[in-house]
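Here are my notes on this one, jotted down as I clicked through it. Have it open next to you while you read.

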Amino acid sequence: MGMQKIKKINEIMTEQIKHICETREAFDNYYSTKISQGMALGESEIEIIKFISEEFGKNAAICEPGCGMGQIPIALSALGFNNVTGIEVRKDRLDDSEHLKSMVSNKFKNAGKFKLLLDRFPNSNLYDLLITFNFVSTYNNENTDKLLESFKSHGCVIMDISRFGIRRDTEEELHEFLKKINSHGLAFERIFKTIYMVRKVD
Ligand SMILES: C[S@@+](CC[C@H](N)C(=O)[O-])C[C@H]1O[C@@H](n2cnc3c(N)ncnc32)[C@H](O)[C@@H]1O
């Protein structure tokens with residue numbers, strides 16, 4: 001699969017996010033840090049994108065709630081996935097994402113094809129795949145159980161377990177969280193570092 005293509009998409013997005021950061025007086029630490037590290041897509045996101053490209057068909061219904069500027073949905077669309085949705089609760093982030101997707105579509109026209117929704121987490125919708133990456137701000141530890149329960153209505157979920165609900169930095173915290181996932185009748189499989197594939201046990 002086209003690592004060269006992913007690299008190119010990453011380059012375009014990095015330039016654009018840099019530009020967005022420069023033109024804002026106060027920009028979130030999150031994106032400033034990312035850009036100071038020199039990339040819109042970090043190694044985990046690249047692994048997620050590679051995994052999806054290898055494991056899912058181009059028509060799979062994929063959604064990233066809390067997509068921020070939409071780097072993952074944009075990259076997936078640019079690679080030819082044609083049923084991708086990004087959900088964001090913040091209007092300013094959504095506007096940035098619209099800008100980013102139009103910039104990437106100058107080079108990869110499919111990049112513009114994904115849907116962006118101003119909404120909250122999709123509890124009732126049905127997707128083949130949800131992605132929750134660095135999805136921390138609104139949900140906290142108290143409603144993590146509700147969220148995990150809602151995952152059963154979707155095909156499967158790729159999640160960064162170190163940044164789900166709260167930050168989990170120690171091995172023990174990560175292990176506890178995996179036990180919690182299991183207790184909801186969900187199975188998990190490690191994809192990369194703290195990125196896991198979670199699905200309902202049959
Ligand atoms: C740390 S950012 C990460 C953005 C993106 N996933 C990334 O890694 O670049 C978390 C995003 O989730 C959004 N968010 C938080 N709670 C949400 C909710 N309930 N529904 C939709 N978006 C949400 C925030 O507005 C923020 O843009």
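Which residue in E3 is the bridge partner of glutamate 88?

1. That partner is leucine 118. Keep in mind that we're looking at a predicted model. The pair belongs to the stretch where strand E2 (residues 84–88) and E3 run parallel, joined by four bridges. Getting from one strand to the other takes you over helix H5 (residues 91–105), and E2, H5 and E3 together make a right-handed β-α-β unit.

2. Zooming out, those two strands belong to an open sheet of seven, ordered E3-E2-E1-E4-E5-E9-E8, and the pairing is mixed. The edges are strand E3 (115–118) and strand E8 (186–192); each has a single partner strand, so one side of each is left without a neighbour in the sheet. From one strand to the next, the twist averages 20°.

3. Now go to the E8 edge. Its pairing with strand E9 (residues 195–200) is antiparallel, over six bridges. If you want a handle on the register, leucine 186 sits opposite lysine 200 in E9. Helix H3 (residues 43–55) lies across this part of the sheet, covering strand E4 (129–132), strand E5 (156–160), E8 and E9. Relative to E8, H3 runs at about 115°.

4. Have a look at histidine 184 too, in the loop between helix H7 (171–183) and E8. Is histidine 184 buried, exposed or partly exposed? Its count is 17 other C-beta atoms within 10 Å, so histidine 184 comes out as partly exposed, since buried would take 20 or more and exposed 12 or fewer. Ignoring neighbours within four places in sequence, histidine 184 is in contact with Leu148 and Glu149. Phenylalanine 151 is 33 residues away from histidine 184 along the chain, yet their C-alpha atoms are separated by 9.5 Å.

5. Last stop, helix H2 (residues 29–36). Which residues of H2 are buried? They are Tyr31, Lys34 and Ile35. Viewed down the helix axis, the buried residues of H2 fall within an arc of 95°, so they line one face. The general rule behind such patterns is that an α-helix has 3.6 residues a turn, so residues three or four places apart point the same way. The buried residues of H2 pack against helix H1 (3–22), while the face turned away from them carries the exposed residues Asn29, Thr33 and Ser36. One backbone detail to check: just after H2, glycine 38 takes a positive phi of about 90°.

Methods. Residues are numbered from 1 along each chain as its sequence is written. This is a predicted model: local features need pLDDT of at least 70, side-chain atom pairs count only at pLDDT 80 or more; totals for chains, interfaces and linings use all residues. Two strands pair if DSSP finds at least two bridges between them. Axes are lines fitted to C-alpha atoms, for helices over the stretch in contact, and angles run from 0 to 180 degrees between N-to-C directions. Two residues are in contact if their C-beta atoms, placed from the backbone, lie within 7 Å. The arc is that of the directions from the helix axis to the C-beta atoms. A crossover is right-handed if, with the strands pointing away from the viewer, the path from the first strand over the helix to the second runs clockwise.
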